[in-house]
Amino acid sequence: MRVKKTAWTALVTIGVVLCGFGAAWAQEHTNEPPRIELGSQHDVNLSPTEMLTRARGFRPSMERDRQVVQQQAEAAKKQKDVVKALCLGDKLSQIDLAIRTTNDRVDALASAASQNDSDRCKHEYTIAEVLKERVAALVAEAGQCIGEETGFVGDSTVVVTIDPSVPDTDPSDFPEEPVVSEPPPTTSPTH
């Protein structure tokens with residue numbers, strides 16, 4: 001009876017440890033969303049009017065990006081590809097949310113610009129810019145939904161350079177005259 005209890009305890013302990021390692025491995029190997037680098041560091045010195053003009057310019061490009069993903073989603077539905085349609089639908093929902101939020105932020109930016117509140121203008125402009133970049137990232141993710149690679153443009157080539165100091169022999173070949181070494185002579189304590 002005591003042996004069974006010890007065996008079960010050991011088995012449960014091993015299971016808990018393995019689950020812990022599995023969870024740690026899963027956390028290390030999750031696909032992290034792409035990091036968005038802000039290119040707005042140079043835009044900090046814009047006037048509120050310039051920020052408003054640029055932020056209003058974000059809307060048309062975001063709408064064009066939305067239309068591209070919408071067309072891809074419709075094509076996936078026509079092809080009855082459920083996986084692509086779900087993936088693209090999710091990206092489209094996220095893009096719609098980003099566009100709505102950007103519209104709200106641009107309106108808030110206009111209000112801040114009319115009150116000449118430069119700190120609030122910078123805040124609203126930065127958020128609108130981040131949302132624009134998020135939409136661009138979502139479009140790239142939508143391309144992955146349909147199987148398009150977005151990392152490379154043009155043909156790829158591979159160039160191999162062999163170091164001239166490397167001998168031109170195959171190390172896996174058995175040598176023609178094997179090297180046999182004689183073991184050193186051993187001495188006995190009685191000699």
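Buried means under 20% relative accessible area, exposed over 50%, and partly exposed in between. The exercises below use these cut-offs on a predicted model.

**Exercise 1. Classify Ile99 and describe its surroundings.**

Task: decide whether Ile99 is buried or exposed, then find which residues it contacts beyond its neighbours within four places in sequence.

Solution.
- Step 1. Place the residue. Ile99 sits in helix H3.
- Step 2. Apply the cut-off. The relative accessible area of Ile99 is 8%, so Ile99 is buried.
- Step 3. List the contacts. With neighbours within four places set aside, Ile99 touches Met62, Glu63 and Arg66.
- Step 4. Check a distance. The C-alpha atoms of Ile99 and Phe58 are 9.3 Å apart, while the two residues are separated by 41 residues in sequence.

**Exercise 2. Outline the fold and its confidence.**

Task: state how many helices and strands the protein has, and which element has the lowest mean pLDDT.

Solution.
- Step 1. Count the elements. There are four helices and zero strands.
- Step 2. Read along the sequence. The pattern is α-α-α-α.
- Step 3. Take the overall confidence. Mean pLDDT is 77, and 71% of the residues reach 70 or more.
- Step 4. Rank the elements. Helix H1 (residues 2–28) has the lowest mean pLDDT, at 56, and helix H3 (residues 82–114) has the highest, at 92.
- Step 5. Look past helix H1. Over residues 29–42 the pLDDT is below 50, and this stretch has nine contacts in the model beyond near neighbours in sequence.

**Exercise 3. Summarise burial, surface and contacts.**

Task: find what share of the residues is buried and what share of the exposed area comes from carbon and sulfur atoms.

Solution.
- Step 1. Take the burial count. Of 191 residues, 21% are buried.
- Step 2. Take the area. The protein exposes about 15100 Å², with 57% supplied by carbon and sulfur atoms.
- Step 3. Turn to contact range. Among contacts with a separation of 6 or more, 73% involve residues 24 or more positions apart.

**Exercise 4. Trace the salt bridges between helices.**

Task: identify which residue forms a salt bridge with Arg59, and which forms one with Glu124.

Solution.
- Step 1. Start with the total. The whole structure holds six salt bridges.
- Step 2. Take the partner of Arg59. Arg59 pairs with Asp107, and their closest N and O atoms are 3.4 Å apart.
- Step 3. Locate both ends. Arg59 belongs to helix H2 (residues 48–78) and Asp107 to helix H3, so the bridge ties together parts 48 residues apart in sequence.
- Step 4. Classify both ends. Arg59 is partly exposed at 28% relative accessibility. Asp107 is partly exposed at 48%.
- Step 5. Take the partner of Glu124. Glu124 pairs with Arg105, with closest N and O atoms 3.0 Å apart.
- Step 6. Locate this pair. Glu124 is in helix H4 and Arg105 in helix H3, 19 residues apart.
- Step 7. Classify this pair. Glu124 is buried, because its relative accessible area is 7%. Arg105, at 26%, is partly exposed.

**Exercise 5. Work out the network around Glu141.**

Task: determine which residues are linked with Glu141 in a network of salt bridges.

Solution.
- Step 1. Place the residue. Glu141 is in helix H4.
- Step 2. Classify Glu141. A relative accessible area of 14% means Glu141 is buried.
- Step 3. Find one bridge. Glu141 forms a salt bridge with Arg134, with closest N and O atoms 3.5 Å apart. Arg134 is partly exposed at 25%.
- Step 4. Add a polar contact. The side chains of Glu141 and Lys91 make one at 2.8 Å.
- Step 5. Join the pieces. Lys91, Arg134 and Glu141 are linked in a network of salt bridges.

**Exercise 6. Inspect two loops and a surface patch.**

Task: say where Lys80 lies, where Asn116 lies, and which residues form a nonpolar patch with Val158.

Solution.
- Step 1. Take Lys80. Its place is the loop between H2 and H3. Phi of Lys80 is near 60°, a positive value in a residue other than glycine. Lys80 is exposed, at 71% relative accessibility.
- Step 2. Take Asn116. Its place is the loop between H3 and H4. Asn116 is not a glycine either, yet has a positive phi of about 60°. Asn116 is exposed, at 59%.
- Step 3. Take Val158. This residue is in the segment after helix H4 (118–145). Val158 is exposed, at 78%.
- Step 4. Assemble the patch. Val158, Val160 and Ile162 form a nonpolar surface patch, with about 390 Å² of accessible area together.

How values were computed
Residues numbered from 1 in each chain as written. Predicted model: local features only at pLDDT ≥ 70, side-chain atom pairs only at ≥ 80, totals over all residues. Heavy atoms only, no water. pLDDT = per-residue confidence, 0-100. Contact = heavy atoms within 4.5 Å. Patch = residues over 30% accessible without salt bridge, like charges linked within 9 Å, V, L, I, M, F, W, Y side chains within 5 Å. Areas by Shrake-Rupley, 256 points an atom, 1.4 Å probe, with all protein chains shown as cover. Salt bridge = Lys/Arg side-chain N within 4 Å of Asp/Glu carboxyl O. Buried < 20%, exposed > 50% of the residue type's maximum accessible area, 1.4 Å probe, protein only. Polar contact = N/O pair within 3.5 Å; in protein donor to acceptor, adjacent residues only side chain to side chain.
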